[in-house]
Amino acid sequence: MQNIVILAGNIGQKPETRTTQGGTNITNFSLATSRPRLSEGRVLRDENGYRVMDTEWHRITCFNGLGKTVAEHCEKGMKVLVHGRIHYTKWTDAAGNDRYGCEIIAEKVDFLSRPKSAESENPELVDKDDEIPF
């Protein structure tokens with residue numbers, strides 16, 4: 001049995017970090033992944049001929065050292081590759097209703113692009129190819 005998730009996408013907002021009472025650092029960010037919308041096995045296009053894309057948003061959680069690295073080096077819009085696992089939660093809200101959530105617990109985060117601030121510092125080091133080879 002395996003619970004493995006691999007996502008490649010763009011960070012939706014600057015990662016946020018908090019510390020639990022026990023001293024564990026937790027960093028959260030949202031990740032957007034997109035794919036072309038299909039209709040009857042064909043890619044849908046808009047009136048200008050561009051592919052219509054469906055975007056999914058994922059909640060990513062990183063702990064301790066990985067979270068610190070993500071918080072220090074990642075920003076909105078960066079492309080990252082996340083390796084992790086799916087984690088489901090259930091809780092009861094103040095009104096007594098059962099609520100459910102899903103998040104990805106990251107075990108590894110690879111940076112596929114540089115932060116915008118780093119691009120302006122060393123433009124010759126930036127890889128201009130935005131295509132992911134898969």
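In this predicted model, a polar contact of 2.8 Å links the side chain of Thr-27 to that of Thr-17. It makes a good place to start a tour of the structure. Thr-27 belongs to strand E3, and a relative accessible area of 1% places Thr-27 among the buried residues. The side chain of Thr-27 also has a polar atom 3.1 Å from the backbone oxygen of Gly-67. Beyond residues up to four places away in sequence, the neighbours touched by Thr-27 include Pro-15, Glu-16 and Thr-17, together with Ile-60, Thr-61 and Cys-62. Gly-67, Lys-68, Val-70 and Ala-71 are also touched by Thr-27.

The pairing of strands around this site can be followed next. Strand E2, covering residues 16-19, runs antiparallel to E3, and four bridges join the two. Arg-18 has Ile-26 of E3 as its bridge partner. E2 and E3 make up a hairpin, with five residues lying between the strands. Within the turn of this hairpin, Gly-23 adopts a positive phi of about 95°.

Stepping back to the whole protein chain, eight strands and two helices are found. Read from the N terminus, the order of elements is β-β-β-β-β-β-α-β-β-α. The protein chain has 134 residues, and 26% of them count as buried. Among contacts in the protein chain with a separation of 6 or more, 59% come from residues 24 or more positions apart. The exposed area of the protein chain is about 9700 Å², of which 48% is supplied by carbon and sulfur atoms.

Attention now turns to the interior. In soluble globular proteins, nonpolar side chains tend to be buried together. The largest nonpolar core of this model holds 15 residues, and the members touching the most others are Phe-29, Leu-31, Ile-60, Val-80 and Val-82. At least two residues of this core come from each of strand E1 (5-11), strand E3 (25-36), strand E6 (53-63), strand E7 (79-92) and E8. Val-82 offers a helpful view of these surroundings. Leaving aside neighbours within four places in sequence, Val-82 is in contact with Val-5, Ile-6 and Leu-7, and also with Phe-29, Leu-31 and Ile-60. The contacts of Val-82 further include Ile-104, Ala-106, Lys-108 and Val-109.

Lys-108, one of the residues in contact with Val-82, sits in strand E8, which spans residues 98-111. Its relative accessible area is 42%, so Lys-108 is classed as partly exposed. Apart from neighbours within four places in sequence, Lys-108 is in contact with Leu-66, Leu-81, Val-82 and His-83. Between Lys-108 and Gly-84 the C-alpha to C-alpha distance is 6.7 Å, while 24 residues separate the two in sequence.

A second threonine of strand E3, Thr-33, is worth a visit. With a relative accessible area of 14%, Thr-33 is buried, because the value falls under 20%. The side chain of Thr-33 makes a polar contact of 2.8 Å with the side chain of His-58. Not counting residues up to four places away in sequence, Thr-33 touches Leu-7, Ala-8 and Gly-9, as well as Asp-54, Thr-55, Glu-56 and His-58.

The cysteines come next. A disulfide is a covalent bond between the sulfur atoms of two cysteines. The count of disulfides in the model is zero. Cys-74 takes part in no disulfide, and the nearest cysteine sulfur, belonging to Cys-62, is 8.1 Å away. Cys-74 is buried, at 3% relative accessibility. Cys-102, by contrast, is partly exposed, with a relative accessible area of 38%.

Finally, the backbone deserves a look. Most residues other than glycine have a negative phi, and most peptide bonds are trans. Glu-40, although not a glycine, has a positive phi of about 55°. Glu-40 is placed in the loop between strand E4 (38-39) and strand E5 (42-43), and is exposed, with a relative accessible area of 82%. Asn-64 is not a glycine either, and has a positive phi of about 45°. Asn-64 is found in helix H1, which covers residues 64-73, and at 37% relative accessibility Asn-64 counts as partly exposed.

Conventions. Residues are numbered from 1 along each chain as its sequence is written. This is a predicted model: local features need pLDDT of at least 70, side-chain atom pairs count only at pLDDT 80 or more; totals for chains, interfaces and linings use all residues. Side-chain values use heavy atoms; hydrogens and water are left out. Buried means under 20% relative accessible area, exposed over 50%, partly exposed in between (1.4 Å probe, protein chains only). Contact means heavy atoms within 4.5 Å. A nonpolar core is a set of buried Ala, Val, Leu, Ile, Met, Phe, Trp, Tyr and Cys residues joined through side-chain atoms within 4.5 Å. A disulfide is a pair of cysteine sulfur atoms within 2.5 Å. A polar contact is a pair of N or O atoms within 3.5 Å; within protein, one must be able to donate a hydrogen and the other to accept it, and residues adjacent in sequence count only if both atoms are side-chain atoms. Two strands pair if DSSP finds at least two bridges between them. Accessible areas come from the Shrake-Rupley method with a 1.4 Å probe; for residues, only the protein chains shown count as cover.
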